[in-house]
Each structure stands twice: as structure tokens, then as C-alpha cells.
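Here are some worked exercises to try with the model open beside you. Have a go at each task before reading its solution.

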Amino acid sequence: METNWADAVARARRNSPFLSRALDRQPELAGLLEAGDGDAALAWAGQAGHGIDDVGVSLRRERLALATALAIGDLAGAFSLADVTGRLSDFADRALERAIGAAIARRVPDADTGVGITGFIALALGKHGACELNYSSDIDPILLYDPETLPRAKRDEPGEAAQRYARDVVRILSENTEEGYIFRVDLRLRPASEVSPLAISLNGAISHYESSALPWERAAFIRARVAAGDRAAGEEFLDTIESFVWRRSLDFGAIEEIGRLTERIRTDHSGPRTVGPGFDVKKGRGGIREAEFYAQTHQLIHGGRNEALRLRGTRQTLDALAAADIIGADDARDVGEAYEGLRTIEHRIQMLDDRQTHSIPDKDRLDALASLSGYDTPASLLAEVERLTAAVGKRFDRLLDAAASDSEGLKVDEKLVDRLRTAGFDKADELAERIERWHGGGVRSLRSEAAQTAHAALLPDLIEAFGQAPDPRRALLRWGELLETAPSAINLLKLLEARPALLGQLVGIITLAPPLAAQLGRRPVLFDALIDRSALDLPGDVESLERKMATDGDYEDQLDRLRIVTNETRFALGVQLVEQAHDPLEIAEALARLAEAGLRVAARAAEREFARKHGRIGGAELLIVGLGRLGGRALTHASDLDIVFLFTGDFARESDGDRPLGATLYFNRLAQRIVAALSVPTAEGALYEVDTRLRPQGAQGPLAVSVESFERYQLERAWTWEHMALTRARVLTGSDTARRDVEQVIEGVLCRSRDAGELRDAVLAMRSEMAQHKAARGKLDAKLLRGGLVDIEFLTHFLQLREETAQRPELEKAIARLVEQGLVGRGVADAHALMTRLLVSARLIAPDLSMPRASAARVLANLCGQPDPLTLLEALDRARRDVAEAWQEIFGEPLEIET
């Protein structure tokens with residue numbers, strides 16, 4: 001394209017009020033541009049704020065000059081899109097760096113605020129991260145800080161100082177003064193932005209991304225880079241969360257989430273769908289965002305195993321995807337060229353008034369836009385937008401898989417209707433139509449010919465089996481839900497065809513245990529674990545489960561193996577419960593053994609992986625303490641893992657790896673890695689939710705603390721409820737010596753003398769507050785109903801602390817000891833056993849905590865040792881009254897029991 005600087009200046013003055021004013025304000029720059037000296041114009045812009053002490057004024061002057069020079073160079077055809085976006089992104093980096101330095105210097109005048117400020121980090125995401133910043137763009141940084149190295153005044157806490165700096169950075173950059181603005185700053189991409197502070201601690205951010213981040217955050221971090229501040233710490237952070245962004249393999253749920261993200265790219269936009277005034281070249285069909293996400297969707301799926309795809313730039317990513325044969329070369333070329341064309345038009349739209357807009361303007365302004373952009377008429381501009389968006393939209397349509405099968409005129413097989421009616425199904429014609437839709441491609445798992453054939457062959461047996469269920473229609477519909485959520489059904493169908501005896505177990509799962517049916521829908525392979533009759537045997541001890549979970553593979557192989565064994569065993573235990581093969585109390589103990597083994601395996605694997613980069617700290621180790629139901633060896637299928645991390649050794653020591661870390665940071669990072677190993681889904685599914693809020697200072701405190709700090713906190717600062725929680729503490733990992741040391745600390749805390757009156761008042765106040773905020777969810781809520789398990793726990797823990805006795809983490813053993821000592825009656829022990837059986841069973845059979853339908857209700861009653869549902873409710877009522885009687889006797893005040 002031939003350059004014409006004078007014409008570009010003329011068009012700018014004629015059509016853009018913003019550029020016309022900018023040229024008038026900077027006559028020397030205007031002269032350089034009219035003369036066609038682009039390099040000199042850019043150099044002049046770089047010095048526009050030189051010598052001005054006020055950082056805000058200095059940056060505003062430079063920003064205006066740069067925007068003017070880049071706009072005219074763009075219009076003249078002298079600067080490419082990459083030139084424009086790259087220079088804008090570089091300026092954003094410099095602006096962030098200077099704003100951070102100014103914010104810190106304002107509070108800490110003697111701090112080193114040159115390039116590479118320690119302790120405070122700005123990550124660039126989105127177009128800024130990709131060095132593709134808009135002409136008139138927001139920036140979307142994430143601000144992080146390291147409490148250990150952040151410069152701050154002596155009287156400031158690290159978190160308080162970091163928030164002050166963040167507020168100043170936003171004000172310096174985005175405040176609109178007579179000099180204009182620098183960048184509008186949007187911090188909503190930070191973790192949990194609706195509740196979190198503006199700047200996030202490094203440890204807090206790592207914990208979020210490795211345990212609780214959402215799928216859209218993975219997409220956001222594809223283009224993340226360190227833009228300003230402490231670059232070394234920022235790079236270390238990005239390296240730490242790399243496995244969150246780039247997963248080597250994805251489970252079906254993750255791919256589904258990516259699919260939902262893709263759909264929302266289009267459905268969330270409500271503007272005009274056809275090109276014309278008001279059409280959004282970013283969000284509209286075939287627009288910039290669809291081009292970007294076309295590339296990013298493939299990156300999210302394939303980038304974990306192909307490092308060549310881990311690029312930030314959209315055009316470079318498209319070319320890399322084509323080189324890897326993931327998309328066609330013509331797709332990469334056409335989408336890439338359309339993307340660059342639309343970005344150029346977007347910049348021209350923003351040049352009109354220096355506004356962050358992406359919409360084609362109305363009539364008068366459309367004429368100005370076409371003239372500014374060098375088009376003969378507005379119609380020719382719109383035709384070009386139409387051409388570009390069509391190229392992108394066509395490819396994005398394929399991602400959405402939008403072509404739904406046309407179900408009009410669906411013919412229902414009358415033989416199928418008769419079979420359903422004969423088997424006892426109501427509204428057989430409606431169910432037959434639904435089944436026909438399944439076979440017509442209505443559910444993903446039956447879209448292959450092999451799956452349809454297998455399902456058709458098994459269908460008569462399925463209909464007969466479901467027809468014998470208490471509610472045949474409901475059973476068949478749940479089977480449909482399983483098919484709809486399953487990524488593939490062929491293996492499950494073939495297994496049922498080969499082993500007809502398993503069909504009864506499947507019917508039991510579907511009709512009696514909705515959570516198991518949902519789990520089976522997500523991972524039908526779990527049913528394979530039931531082939532062997534040994535699947536109905538309780539699992540062995542913790543050590544045997546650890547051996548079963550072990551593998552010689554790499555870290556991700558270890559995490560996958562851990563999930564396979566855990567999920568298969570947990571599923572089998574659920575089937576054992578439904579089939580009443582074992583007492584629910586035995587199931588609860590087995591679930592706890594399984595979780596303990598998994599925690600040990602995850603901890604060892606994470607420690608080995610962490611040591612590859614950071615080495616180890618001699619004479620020090622990390623210990624994991626289980627609390628709650630994990631500590632008490634009585635988990636349910638829905639239990640979180642309540643754990644606390646402690647470490648031993650010298651605070652001053654560093655690890656001996658290539659990237660050494662101080663002891664506190666080392667063990668906190670390692671603890672985060674272990675939490676992630678337990679909670680982050682892999683290709684083999686999810687594992688456990690981990691709750692670490694019982695650590696000293698709760699969610700506000702560090703994840704891992706030294707044993708000495710833990711002891712000091714428990715003796716000097718802990719609340720009564722924290723000592724109550726400690727009654728069920730059990731050290732799960734660590735050397736024998738270290739475990740004994742921690743056990744002695746716990747024993748010392750629990751057996752200290754307490755004022756009985758103060759303890760009583762504290763316990764009653766806590767229970768009252770809990771009752772106000774956590775009401776029972778149904779008549780089977782054995783946990784939260786007054787007179788239920790929570791009240792039993794409060795009674796037990798109060799007596800343990802007051803009498804300095806019965807210090808056993810297993811609640812039933814602690815209660816048995818209290819019964820022996822005459823401190824509570826036998827009725828409390830019986831109530832605890834009944835309610836624990838109900839809690840464990842209801843998590844699968846009555847997850848909404850209301851009495852289920854007939855057959856499920858009978859199974860639930862039998863599991864609780866009762867002949868029928870009515871007798872179960874009566875027994876629960878008597879048990880609650882026994883607890884209320886004990887409460888009155890021990891605390892001297894009534895416990896109101898509602899029936």
C-alpha cells in the first residue's frame with residue numbers, strides 16, 4: 001500500500017474531532033507527520049512527557065502524542081496493525097511500571113522504584129497480554145503482591161499497603177483530567193473479583209487458580225504475561241499455575257465447559273446480527289471476539305500436550321494450529337486476515353472520538369468513518385465488514401455445532417409404544433417419542449452408529465427392568481439423563497449386554513441413588529468396577545489402598561491413577577450402600593481410609609514434583625492434620641476434607657533446588673500444590689473438595705504454619721470452637737517423630753485447665769449463632785436438626801474439654817468413653833449411631849433430605865436398622881429427644897425440639 005501522510009492528516013482533521021484537536025495541540029508533531037517522518041514523530045511522542053515530575057501529567061502527554069502519531073501512521077499506510085498494537089502495549093507496560101513506582105514512592109520515599117520493583121506485580125491479560133492492545137482500550141491487569149518483599153511503611157501491614165498501592169495505580173492511570181486520561185483500568189479479571197481486594201497476595205492467587213478457578217479464567221490466562229513490577233516473582237507465579245492453564249488432558253466436563261464458553265461468546269451479545277449501523281465488530285457474529293476464541297478454543301483443548309500452541313498473538317496462534325493440522329491452512333489464513341482487517345476497522349471507529357467503542361456509527365458518523373478509513377462510500381466500508389465477518393462466522397459456526405437435527409415429523413414406532421405400555425409405563429407414546437429422539441441424535445452419547453445399535457439391542461431388557469421400578473417413568477427418564485451427560489455410552493452398553501446380571505445393579509443405582517447415577521453419567525467407565533463380585537467387599541487398610549493407587553508414571557499419571565482408584569472405590573462403596581451389603585458405619589470408615597490413602601499419595605507425588613524445581617529443606621518436613629469427619633474416620637460420599645498443614649524445621653533455612661525458596665514460602669507453596677493435587681479435575685475426573693479454613697487465623701492466615709507457631713496460636717489466641725475442632729484432629733502424614741511432636745502439642749492444648757462456666761457460655765453462644773445461620777434443610781437432616789449430630793458434637797466436645805477426658809478423634813469412641821464414665825447416658829451413643837447411619841445413607845439416597853419414594857425410603861430405613869420409613873422417623877424423633885434430655889442435664893437449659 002502506497003503511503004500518503006499529507007492525505008492521512010487531512011482526512012484526520014476532516015473526520016475525527018479527537019485527532020483534529022490533538023494535531024492542533026501538538027503543532028510540532030503535526031509538522032513531522034505532514035512531512036511524512038514517522039520515525040521522528042514516534043521519537044517526539046516518546047519524549048512528550050520528558051522532564052515533567054508529575055507522573056500522571058507526564059504519561060498523559062506521552063499517551064496523547066503516541067495516539068496521534070500512531071493514528072496518522074496507520075491512516076497513511078505506514079504502520080502495520082502489529083506496529084500500532086505493539087507500541088500501544090509497550091506504552092501500557094511503561095505506564096503501569098511508572099504508576100506502580102509512583103504509588104509506592106508516595107508511601108515509601110526511599111524504596112527502589114526503578115524497573116523491576118520488588119514485591120508488586122502487574123500481569124497483563126487479554127489484548128494487552130498478547131501485545132495487541134486496542135487504539136482506545138481498557139487494560140485488564142491482575143495486581144499481585146508478595147507480603148515478604150513488598151516495600152511498605154513500618155506501620156503498614158502488607159495487605160493494607162498493597163491495596164493502597166493498587167488504588168493509587170488505578171487513580172493515576174484512569175482519572176480523567178484536563179490532560180485527558182492514560183488508560184481505563186478494569187480489575188475484574190482478578191480472582192473472585194466481587195469479594196476480593198484489588199491486589200491479591202501471591203499465595204492467595206496460586207491457591208485460587210489451583211483449586212477453585214473457573215474455566216473462563218483458563219482462557220484469560222492463555223495470553224497472560226508479566227507487564228510491570230517484580231518480573232522474577234511474576235514469572236515464577238505464571239510458571240506455578242502453568243498446569244492450571246495448560247492441561248495435558250481434559251476430562252469431559254472441562255471440554256463441556258469450553259463448549260459453554262464458546263456458546264456464550266455469541267449468545268451473550270444482544271446487538272444487531274447483520275452488518276450496518278450499530279453492528280459491533282468485536283462482539284457481533286463473525287467479529288473480533290469470535291476470531292480470537294476460535295483460536296483459543298483449540299488452544300485450550302490441544303495446548304496442554306503441544307507446547308508449540310502456547311502463543312499469545314491471535315494470528316500466530318492460528319498459523320501454529322494450521323501447522324499442527326488442527327485447523328485447515330485456509331481457515332487459518334481467512335480467519336487471520338479477517339481478524340486483522342476487523343481490528344483495523346475497530347481502530348478507525350475508536351479514532352473518531354477516542355472512545356472505547358466497537359460499534360459501527362449511525363449515518364453522519366458512518367460517512368466520517370468511511371472517509372477517515374479511505375473508502376469511497378459508506379456502502380463499500382460495510383461490504384468489507386460483511387466480507388470479513390462472514391469468513392469468521394462460518395468457522396465459528398462449526399465450533400458451535402449449531403446444526404441441530406430436525407425432529408419435525410418424527411415417526412414413533414408403535415411396537416415400542418406397546419412394549420412400554422405392557423411394561424407398566426404411563427404416557428407410553430410420549431416416552432416412545434423421547435426414545436426415538438435419543439436414537440435420532442438427540443443425545444451425544446448415542447450419536448455413533450455403534451452406540452445406537454447397542455442401545456437398540458439392549459432396549460427391551462432396559463424397558464422390562466425399569467418397568468419393575470417403583471416409578472417406571474422416573475427410572476427411564478433418569479436413564480435418559482445419564483445418556484445425556486455421558487461423553488460416550490458404548491462401553492457401558494456393551495458391558496450390560498455381556499453381563500445381564502449387572503442390569504439389576506444399574507436399575508438400583510438409577511432408582512435409589514441420584515448422586516451415583518449422576519456420577520455414572522459423567523464417567524460410565526465406573527461401572528466396570530462392578531464386574532467382579534469383590535466389588536462388594538470393603539476396601540482394605542490405608543496402606544493397601546496406597547499401594548493400589550501407586551504408579552511409576554510422571555506426576556500427571558500419578559494424579560490420574562489416584563483419581564481412577566479413588567473414584568472407582570468410592571463408586572463401589574456407594575453401590576454397596578444401595579445394595580445394603582454393609583452397615584453405613586462401615587462404609588463411612590472405608591470412605592475415610594480411602595481419603596487418607598489418597599491424601600498420602602497426593603502429598604508424596606506433589607512433594608516429589610515440587611522438589612524437581614525447588615529442591616528440599618534438610619531437617620524439615622510438611623505434616624498434614626485431618627480434622628472433622630476425616631480426623632474422626634467417618635466420611636460420607638459428600639464430605640469435604642478438613643485439613644491443616646504444619647511444618648517443622650528452621651525458619652531461616654532455604655531449599656536446595658535450582659529455584660531455592662525460604663522455609664515459610666516453600667511449605668506454603670507445597671501445601672498449595674497438595675491442595676491442587678487433591679481438588680483440581682484431570683482427565684479422570686474430580687477428587688475431593690479441600691477445606692483449610694480450620695488453620696490458625698482461618699482464611700486470612702497462611703496455608704502452612706510451623707509447629708511452634710501452631711502451638712503458640714492454640715495456647716494464646718485460639719477461640720473455643722478451634723479447640724473443639726481440635727478434639728477430632730489426627731496427624732495423617734509425616735515421620736514418626738514429627739507426628740508424635742504434633743500429637744503432644746494437641747494433647748497439651750486439649751488437656752489444659754479451663755473455667756467450666758466460661759467454657760459453657762462460649763459453647764452455648766456458638767451453638768446459638770450456628771442455629772441462626774444454618775437451619776435444617778429437611779426432616780432427614782440428621783446433622784442440623786436440633787437434637788441432631790451437631791448438638792451431639794457440641795455436647796461431646798464440651799465434656800472432653802471440661803473434664804480433660806475421652807480424647808479420641810473418633811466421635812463414637814469418645815462418646816463410649818463418656819458413657820463409661822457416667823458423663824452421658826447410653827441414649828446419646830445410640831442416637832449418634834442412628835443419626836450417623838442416616839447421614840451417610842441420605843447423602844446418596846435422599847440428597848435433598850426429604851423422605852424419598854417408596855422403595856428408596858424402605859432401603860433408607862433398613863440401612864438405619866428400622867423396618868420401615870415411618871418407624872425410622874419415629875426413631876429419629878426419640879433419638880433427638882434423648883439428646884435434648886442430655887443437653888438439659890449438662891448445660892442446664894432446654895433444647896427445643898421441633899417435630
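**Exercise 1: across the strands**

Task: find what L123 stands opposite in strand 6, then work outwards to the rest of strand 1.

Solution. One thing to keep in mind throughout: this is a predicted model.

- Step 1. Look across from L123 and you land on V226 in strand 6.
- Step 2. Now zoom out to the pairing: strand 1 and strand 6 (residues 225–229) run antiparallel and are joined by four bridges.
- Step 3. Strand 3 (residues 142–145) is also antiparallel to strand 1, again with four bridges. Here I121 faces L144.
- Step 4. Next, check the two faces. In a regular strand, side chains alternate between the two faces of the sheet. In strand 1, F120, A122 and A124 sit on one side, I121 and L123 on the other, and all of them are buried.
- Step 5. So strand 1 (residues 120–124) is largely enclosed by the rest of the structure, as five of its five residues are buried.

**Exercise 2: a salt bridge inside one helix**

Task: work out how R171 and D168 are placed in helix 8, and whether each is buried or partly exposed.

Solution.

- Step 1. Take the distance: the closest N and O atoms of R171 and D168 are 3.9 Å apart. The cut-off is 4 Å, so the pair counts as a salt bridge.
- Step 2. Place them on the helix. Both belong to helix 8 (residues 158–174), three residues from each other, which puts about one helical turn between them. An α-helix has 3.6 residues a turn, so residues three or four places apart point the same way.
- Step 3. Check the exposure. R171 has a relative accessible area of 37% and is partly exposed, while D168 is buried at 8%.

**Exercise 3: salt bridges between helices**

Task: say which helices are tied together by the R669–E236 pair, and then do the same for E340 and R315.

Solution.

- Step 1. R669 and E236 make a salt bridge, with N to O at 3.8 Å. R669 belongs to helix 30 (residues 663–679) and E236 to helix 11 (residues 231–240), so this pair links parts 433 residues apart in sequence. Both partners are buried.
- Step 2. E340 and R315 also form a salt bridge, and their closest N and O atoms are 3.0 Å apart. Helix 16 (residues 329–353) holds E340 and helix 15 (residues 314–323) holds R315, so parts 25 residues apart in sequence are tied together. E340 is partly exposed, at 31% relative accessible area.
- Step 3. Some bridges share partners: E543, E546, E596, R600, R604 and R730 are joined that way into one network. Across the whole structure, the search turns up 54 salt bridges.

**Exercise 4: checking helix lengths**

Task: compare the end-to-end reach of helix 14 and helix 16 with what 1.5 Å a residue predicts.

Solution.

- Step 1. Helix 14 (residues 288–302) has 15 residues and should span 21 Å; its end C-alpha atoms lie 22 Å apart, which agrees.
- Step 2. Helix 16, with 25 residues, reaches 38 Å between its first and last C-alpha, close to the expected 36 Å. Just after this helix, D354 takes a positive phi of about 55 degrees.
- Step 3. Back on helix 14, ask how covered it is: mostly, with 12 of its 15 residues buried. Among them are E290, F293, Y294 and H298.

**Exercise 5: inside the cavities**

Task: work out which residue classes line the largest cavity, and which line the second largest.

Solution.

- Step 1. Start with the count: there are six cavities of 30 Å³ or more.
- Step 2. The largest has a volume of about 100 Å³. Its lining includes E236 and R669, the salt-bridged pair from Exercise 3.
- Step 3. Sort that lining by class and you get one nonpolar, two polar and eight charged residues. Helix 28 (584–614) contributes the most, five residues.
- Step 4. The second largest cavity has a volume of about 70 Å³. Of its 13 lining residues, R63, L88, Y135, I182 and F183 are the closest to its centre.
- Step 5. Helix 5 (55–75) and helix 6 (81–107) each give two or more residues to this lining, and helix 5 gives the most, with three.
- Step 6. By class, the second lining has nine nonpolar, three polar and one charged residues.

Methods
Residues are numbered from 1 along each chain as its sequence is written. This is a predicted model: local features need pLDDT of at least 70, side-chain atom pairs count only at pLDDT 80 or more; totals for chains, interfaces and linings use all residues. Side-chain values use heavy atoms; hydrogens and water are left out. A salt bridge is a side-chain nitrogen of Lys or Arg within 4 Å of a carboxyl oxygen of Asp or Glu. Buried means under 20% relative accessible area, exposed over 50%, partly exposed in between (1.4 Å probe, protein chains only). The expected span of a helix is 1.5 Å times one less than its number of residues. Two strands pair if DSSP finds at least two bridges between them. On a 1 Å grid over the protein atoms alone, a cavity is a set of points where a 1.4 Å probe fits but cannot get out, and a pocket is an open set with protein on both sides within 12 Å along at least five of seven lines; lining residues have an atom within 4 Å of a point. Grid points are joined across faces, edges and corners, and a volume is the space filled by probe spheres set on the points. Ala, Val, Leu, Ile, Met, Phe, Trp, Tyr, Cys and Pro count as nonpolar, Asp, Glu, Lys and Arg as charged, and the others, Gly among them, as polar.
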